[in-house]
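Please open the model in a viewer and keep the selection panel at hand. The tour below proceeds from one selection to the next and describes what is found at each stop.

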Amino acid sequence: MSSPAHAPPVFSPLFSFQPSGSTADSSHTEESAAHPPDAPSLAPAPASTTTHGHDSHFPINFNKNRRTSVSGESLSPGTYSNVWRPRTVVKTPEQNTRLNRIIAQNFLFRGLDAEALQTILNVLEEKRIAANVTIIKQGDEGEKFYVIESGTVDYYINGDKVSSSGPGSSFGELALMYNSLRAATVISTSPCVLWVLDGTTFRRILMERTASKRAMYEHFLREVPVLTSLTDWERAKIADALKAVEYNAGDVIIKEGDVGEHFYVIEDGEAEVYKEREGKVTDLVKGDYFGELALLNDAPRAATVVAKTNVRVVTLDKSGFKRMLGEVILKQK
């Protein structure tokens with residue numbers, strides 16, 4: 001169950017990363033092999049600060065490297081005119097099948113209504129990248145968002161490798177959301193199939209939803225003991241993946257012996273933990289987490305958790321948990 005210990009983050013600092021040399025963001029078609037670059041001097045993103053009495057919610061370096069314009073387009077969610085008409089990239093039935101499968105795995109697209117999702121599917125364009133190609137480069141301007149269908153990539157900040165990711169993950173959104181320069185360099189470590197979304201479509205359809213969800217969970221995630229050592233970027237990535245679920249007093253949230261598919265953090269309310277041979281073991285309150293043992297060990301649930309009061313939890317599915325939090329929690333145990 002939960003532990004107050006603080007552990008250093010060991011997974012990806014998250015999204016918005018971009019190109020170098022011959023880059024995927026470039027208007028050139030050729031792509032060159034890349035080496036971990038001597039990245040521009042961009043400070044790592046510290047915790048968000050308070051400006052004019054309000055939390056900024058944005059890494060400091062995004063303001064520092066803010067671009068003056070992006071095709072003259074406003075970045076304020078909800079302010080776009082109705083003149084915009086997204087283009088459609090014609091795809092084969094086989095491409096559409098693959099695209100639908102990979103989009104279903106990505107947290108940022110969940111919850112979109114049918115019309116918005118179809119617009120995204122129409123606009124996404126397939127791009128194949130060889131191994132050792134710089135897809136985006138720290139310090140460059142960014143106008144594209146990427147979803148990985150196959151292959152793996154490494155992320156570099158100031159020349160240092162900070163993380164890797166593979167199928168179902170995405171990158172490139174920070175520069176688009178905050179109108180800033182690319183925060184890191186992304187290099188393919190194997191041949192990759194990517195789906196590329198232009199910045200205009202991203203801002204008009206995905207930005208408002210993504211920003212509001214991150215803002216909603218930012219303060220809560222800062223108060224969860226297991227997450228206090230993480231950066232703002234890492235907590236934001238977790239916020240993208242969270243799903244809220246409510247239980248009434250007396251409801252069984254997880255049951256001992258069942259297969260575990262989710263990790264839970266209590267957002268509001270209280271719960272009780274029981275074991276068949278021991279009875280009640282402990283109480284859980286806001287900020288406590290549970291369900292991790294079954295996911296870490298691929299074992300049945302080790303205890304039953306029952307809502308003591310009406311409870312609101314946020315959940316992370318098994319794949320997201322292992323990718324973003326598994327190593328962090330293991331280090332605290």
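**Stop 1: an open sheet**

Begin by selecting β4 together with strand β9 (residues 185-188); the two pair in the antiparallel sense over two bridges. Within this pairing, select Ile136, whose bridge partner in β9 is Val186. The model is a predicted one.

Next, extend the selection to the whole sheet. Its four strands follow the order β4-β9-β6-β7, the pairing is antiparallel and the sheet is open. At its edges lie β4 (134-136) and β7 (160-165), each of which pairs on one side only. On average, neighbouring strands of this sheet are turned by 30° against each other, direction ignored.

**Stop 2: aromatic pairs**

Now turn to the aromatic rings, for which the count comes to seven pairs with ring centres within 6.5 Å. Select Phe109 and Phe145. The ring centres of Phe109 and Phe145 are 6.3 Å apart and the planes stand at 55°, so this pair is tilted; the class applies because the angle is neither under 30 degrees, as for stacked rings, nor over 60, as for edge-to-face rings. Where in the chain do Phe109 and Phe145 lie? Phe109 is in the loop between α2 (93-103) and α3 (114-123), whereas Phe145 is in strand β5 (residues 144-150), and the pair links distant parts of the chain, 36 residues apart. Phe109 and Phe145 are both buried.

Select Phe263 and Tyr289 next. Their ring centres are 5.5 Å apart with the planes at 45°, so this pair is tilted. Phe263 belongs to strand β13 (residues 262-268) and Tyr289 to strand β16 (residues 289-290), so the pair ties together parts 26 residues apart in sequence. Are these two residues buried or exposed? Phe263 has a relative accessible area of 2% and is buried; Tyr289, at 1% relative accessibility, also counts as buried.

Before leaving the rings, add Phe202 to Phe109 and Phe145: these three form one aromatic cluster.

**Stop 3: a cavity**

Keep Phe263 selected for the last stop. The model has two cavities of 30 Å³ or more, and the second largest cavity holds about 50 Å³ of space. Which residues line the second largest cavity? Select Leu221, Val226, Leu227, Ile238, Leu242, Phe263, Val265, Val314, Leu316 and Leu325 to display the lining. Both β13 and β18 (311-317) supply at least two residues each to this lining. By class, the lining of the second largest cavity comprises ten nonpolar residues, with no polar and no charged ones.

Notes. Residues numbered from 1 in each chain as written. Predicted model: local features only at pLDDT ≥ 70, side-chain atom pairs only at ≥ 80, totals over all residues. Heavy atoms only, no water. Pairing = 2+ DSSP bridges. Axes fitted to C-alpha atoms, helices over the stretch in contact; angles between N-to-C directions. Phe/Tyr/Trp six-rings, centres within 6.5 Å; stacked < 30°, edge-to-face > 60°. Buried < 20%, exposed > 50% of the residue type's maximum accessible area, 1.4 Å probe, protein only. 1 Å grid on protein atoms, 1.4 Å probe; cavity = no way out; pocket = protein on both sides within 12 Å on 5 of 7 lines; lining within 4 Å. Points joined across faces, edges and corners; volume = space filled by probe spheres on them. Nonpolar A, V, L, I, M, F, W, Y, C, P; charged D, E, K, R; others polar.
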